[in-house]
Amino acid sequence: MARKRVFSGIRPTGQIHLGNYLGAIKSWIELQDRYECIYAIVDYHGMTTPYDPAEMRANVRELLIDYLAAGVDPERSILIVQSALPEHTELAWILGTVTPVSWLERVPTYKEKVEQHPDYVHLGLLSYGVLMAADIVLYKAEVVPVGEDQLPHLELAREIVRRFHHLFGVRIFPEPQALVQEDTARIMSLTEPEKKMSKSLGPRSLIALADPPEEIRDKIMKAVTDTGPAGEEMSPGVANLFHLLKLFGTEEEYAQLRAEYDAGTLRYVNLKRTLADALIRSLEPFRRRRAELENDPAYLERVLREGIRRARVIARQTMEEVKTACGLMLD
Ligand code: ATP
Ligand code: MG
């Protein structure tokens, strides 16, 4: 039997960070052996928030390098750039015709973006979730490894699939399920620890996987710790630092510092120093692989060309089924 499919993507909106890695890419890598995986650089999604066209290409290239350096293997997985496959937008249009506007208006990320950029509210932003549903179901993907912030989009994708099937009397798509890592579904920002770490909160708020050691140290040392009165629950900033230490430090380091916290003797500077060292250590192989890939543009181009070629076969097949169901012209 053919392997089940996985689809996921990241917007080329800046350097990827610990949240992207722990929430999504880490499971992408683990799934490669058991599933047919398609991992996308979703540049059309990158256009939904303000961006500089002059930087887009470089961002796409950097993100491809990030995927490969993190361990996405083009021999096993299909890597694509969304805009290279017109079927994504074609299917999004069709799914848009079965999606009530009221469903889109209640998506939490839409409401957040409207607040963030009140002068940049457009049809593409509203229909973000429709395009994302199209990205996934175009490949009939069943599993979508993502961070917690994407759960409402997956719920929407399932509703759209059900409605499409109901209205056209067919069963073409599986209902996609999110795969969320329980322990790392939501890594918090270093500067505003009540919000999730995001590329859009700016470079000071995140640790990019490609950050040089001195920058990692500097950002961790300046991370917001606590403000609340002693004896209260652990503050979100400190909790986030401990969370990261648990993931990247040794068991002894974590146990020692945690015991000091419980005893009320912890100096945050020690927690931060230990965490910075652990992160610098852990990210070193990633930085090395990244530097090698930077020097091999021919390989990067080959990876994408091959990925797009393989994805196109699946995408065209699905569009043929969809267009037939909708009574549209075939190629
Ligand atoms: P932007 O601010 O441009 O939206 P982002 O950091 O939110 O950038 P996305 O490209 O939107 O990144 O998301 C890529 C993937 O990373 C998604 O699966 C998302 O759920 C996951 N992700 C993003 N931020 C975090 C986080 N802080 N913790 C866990 N997962 C995250
Ligand atoms: Mg995001």
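## Terms and overall form

Strands, as the word is used here, are DSSP runs of type E with at least two residues, and they are numbered from the N terminus. With that numbering in hand, R3 can be placed in the segment before β1, and the other elements can be followed by their labels.

The model described here is a predicted one. Its chain has 14 helices together with five strands. The radius of gyration comes to 21 Å, which is close to the 20 Å that the globule rule gives for 331 residues, so the chain is as compact as a globular protein of that length. Taken along the principal axes, the box filled by the C-alpha atoms of the chain is roughly 70 × 45 × 45 Å.

Of the 331 residues in the chain, 38% are buried. When contacts between residues at least 6 apart in sequence are considered, 77% of them join residues that are at least 24 apart.

## Two domains and their contact

The chain is divided into domain 1, which takes in residues 5-186 and 297-326, and domain 2, which takes in residues 199-291. The centres of domain 1 and domain 2, taken over C-alpha atoms, are separated by 30 Å.

Where the domains meet, 14 residues of domain 1 are in contact with 12 residues of domain 2. On the side of domain 1 that touches domain 2, the elements that give two or more residues are α1 and α3, the latter spanning residues 53-70. Sorted by class, that side of domain 1 has seven nonpolar residues, six polar residues and one charged residue.

## The paired strands β1, β2 and β3

Strand β1, made up of residues 5-10, pairs with β2 in the parallel sense, and six bridges join the two. Along this pairing, R5 stands opposite E36 in β2, while S8 stands opposite Y39 in β2. Because six of the six residues of β1 are buried, the strand is largely enclosed by the rest of the structure. Both of its faces are covered, with R5, F7 and G9 buried on one side and V6, S8 and I10 buried on the other.

Strand β2, which covers residues 36-41, is mostly covered, as five of its six residues are buried. Apart from its pairing with β1, β2 also runs parallel to β3, to which it is joined by four bridges, and in this pairing I41 stands opposite V81 in β3. Strand β3 spans residues 78-81, and both of its faces are covered: I78 and I80 are buried on one side, and L79 and V81 are buried on the other.

## The surroundings of ligand 1

Around ligand 1 there are 20 residues, and the closest of them are G19, G23, V146, G147 and S200. The element that gives the most to this shell is helix α1, residues 18-31, which supplies five residues. By class, the shell holds seven nonpolar, eight polar and five charged residues.

Helix α1 thus appears in two settings, since it gives residues to the shell around ligand 1 and also to the side of domain 1 that touches domain 2.

## Three individual residues

Is R3, in the segment before β1, buried or exposed? R3 counts as exposed because it has 10 C-beta neighbours inside 10 Å, and the cut-off for an exposed residue is 12 or fewer. Leaving aside residues up to four places away in sequence, R3 touches R34, Y35 and E36. The C-alpha atoms of R3 and D33 are separated by 9.7 Å, although the two residues are 30 residues apart along the chain.

K140 lies in the loop between α8 (128-137) and β4 (143-145). Although K140 is not a glycine, it has a positive phi of about 50°. K140 is classed as partly exposed because 17 other C-beta atoms lie within 10 Å, a count that falls between the limit of 12 or fewer for exposed residues and that of 20 or more for buried ones.

V269 has its place in helix α13, which runs over residues 268-294. It counts as exposed because 10 C-beta neighbours are found inside 10 Å. V269 and M221 are 48 residues apart in sequence, yet from C-alpha to C-alpha they are 7.1 Å apart in space.

Technical notes:
Residues numbered from 1 in each chain as written. Chains lettered and ligands numbered in written order. Predicted model: local features only at pLDDT ≥ 70, side-chain atom pairs only at ≥ 80, totals over all residues. Near = placed C-beta within 6 Å. Nonpolar A, V, L, I, M, F, W, Y, C, P; charged D, E, K, R; others polar. Rg over C-alpha atoms; globule rule 2.2 N^0.38 Å. Contact = placed C-beta atoms within 7 Å. Domains from an automatic or database assignment. Pairing = 2+ DSSP bridges.
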